[in-house]
Amino acid sequence: MNSLIENLTGLNKMSDQLIATDFLLSAKSAVRNYSIALTEATTPELRLTLRNHLNAAITTHEKIFNYMLNKGYYNAYDITEQFNMDMQNTDTALKLKGNSEKLLFK
């Protein structure tokens with residue numbers, strides 16, 4: 001994203017968090033999908049391949065989770081703090097939406 005736009009919208013502070021959150025959700029989805037596929041696999045070779053992919057997806061999820069936890073992007077152990085962060089992110093998104101509509105419909 002253009003640094004000028006990031007600074008004007010306030011996304012310069014949120015970009016890493018948004019990317020990490022999207023990546024975490026994708027990794028979580030991969031874990032779920034590989035788990036389901038593994039239960040449907042009919043050959044030992046396919047089960048082994050899916051199990052290896054599942055383990056890699058779990059490892060990836062763990063790395064992203066730890067990154068987000070260490071950066072303060074995700075507060076898995078403090079529900080109240082996570083809720084407050086989610087509300088702040090929601091407010092920012094709504095403000096961005098409102099500002100973009102003002103610019104478009106001026």
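Q: What does "buried" mean, and where do "exposed" and "partly exposed" begin?
A: A residue is buried under 20% relative accessible area, exposed over 50%, and partly exposed in between, using a 1.4 Å probe and protein chains only. Here Tyr 73 counts as buried, at 14% relative accessibility. Of the chain's 106 residues, 19% count as buried.

Q: Good to know! What kind of model is this, and how are residues numbered?
A: This is a predicted model, in which local features need pLDDT of at least 70 and side-chain atom pairs count only at pLDDT 80 or more, while totals for chains, interfaces and linings use all residues. Residues are numbered from 1 along each chain as its sequence is written, and side-chain values use heavy atoms, leaving out hydrogens and water.

Q: How many helices and strands does the chain have?
A: Helices (H or I, at least four residues) and strands (E, at least two) are DSSP runs, numbered from the N terminus. This chain has four helices and zero strands, in the order α-α-α-α from the N terminus on.

Q: And how many aromatic pairs are there?
A: Rings of Phe, Tyr and Trp (its six-membered ring) pair if their centres lie within 6.5 Å; planes under 30 degrees apart are stacked, over 60 edge-to-face, and the rest tilted. That rule gives two aromatic pairs. Phe 65 and Tyr 74 have ring centres 5.7 Å apart and planes at 85 degrees, so they are edge-to-face. Tyr 67 and Tyr 73 are edge-to-face too, because their planes stand at 65 degrees, with centres 6.1 Å apart.

Q: Are the partners buried or partly exposed: Phe 65, Tyr 74 and Tyr 67?
A: Phe 65 is buried at 16% relative accessible area, whereas Tyr 74 is partly exposed at 27%. Tyr 67 is partly exposed at 36%.
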